[in-house]
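Me: I should like a close look at a single part of this model, together with the contacts it makes. Please set it out as one connected account.

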Amino acid sequence: MKIFPAILLTLLPFMGMSAQESVTDQPVTPAAPVTEAATVAIPQFGYLSYNAVFQQMPDYQKAKEEFAALKAQYDAEATRAEEEFQRKFADFLQGQKDFPKSILQKRQAELQELMDKSINFRTEAQRLLAEAEAKLQAPVQQRLNDAIQAIAAKRGFIFVLNTDGNAVPFVHPQAGVDITDAVLAQLGTE
């Protein structure tokens, strides 16, 4: 077996040697052939659907309910503001022929202001709801991440893959281990 010098120099740091320490004057002996008796340790990793486990957690269900209640409050306020706008707009349409020009302009400005406030409220509500959802879910995600780390450390995995979104279409059964049940047990949800 012939080892090329460039490959050898590349591998020396991984073998704990420097180029000066290598012995180039001695003949290179080929590596022993791998037999069936010799086993090669394949690094293992874990995988799971993060979302599937996350959504099974009771903490997630509680956060989801709190978020739904908050969203309902924002929706009720948006509906109230929209109804107020529609009522004032209907009044404006009924009286616009009879209003003097100054009152007509004042009412148009009021309607425009109401519409702008409604749009701003909806935009701000969406931002605040997104922040609230993230804040409610953060401790649940941290708990799940901690459980995943504990399982990975206990089993000596080099990493854990999230299979959501078809990100991992194939996992070799000798290297990858589905840790869904182990994580659920760690979380006490199983």
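Reply: The part chosen is helix α4, whose 55 residues should span 81 Å at 1.5 Å a residue; its end C-alpha atoms lie 79 Å apart, which agrees. The expected span is 1.5 Å times one less than the number of residues in the helix. Helices here are DSSP runs of H or I with at least four residues, strands are runs of E with at least two, and both are numbered from the N terminus.

This is a predicted model, in which local features need pLDDT of at least 70 and side-chain atom pairs count only at pLDDT 80 or more, while totals for chains, interfaces and linings use all residues. Residues are numbered from 1 along each chain as its sequence is written, and side-chain values use heavy atoms, with hydrogens and water left out.

Along α4 there is a bend of about 35° at Ala138, and a proline, Pro139, follows within four residues. The bend at a residue is the angle between axes fitted to the seven residues ending there and the seven starting there. After α4 comes Gly156, with a positive phi near 75°.

The packing partner considered here is α3. Helix α3 (residues 58-95) and helix α4 (residues 101-155) pack at an angle of about 175°, with axes 10 Å apart. Axes are lines fitted to C-alpha atoms, for helices over the stretch in contact, and angles between N-to-C directions run from 0 to 180 degrees. The two helices, α3 and α4, are therefore roughly antiparallel, a term for angles over 145 degrees, whereas under 35 counts as roughly parallel, 65 to 115 as roughly perpendicular and the rest as oblique. By class, the contact of α3 with α4 holds 20 nonpolar, two polar and 11 charged residues. Nonpolar means Ala, Val, Leu, Ile, Met, Phe, Trp, Tyr, Cys and Pro; charged means Asp, Glu, Lys and Arg; the others, Gly among them, are polar.

A salt bridge also links these helices: Arg143 pairs with Asp59, the closest N and O atoms being 3.2 Å apart. Arg143 belongs to α4 and Asp59 to α3, so the pair ties together parts 84 residues apart in sequence. The salt-bridge rule asks for a side-chain nitrogen of Lys or Arg within 4 Å of a carboxyl oxygen of Asp or Glu, and the count by this rule is 10.
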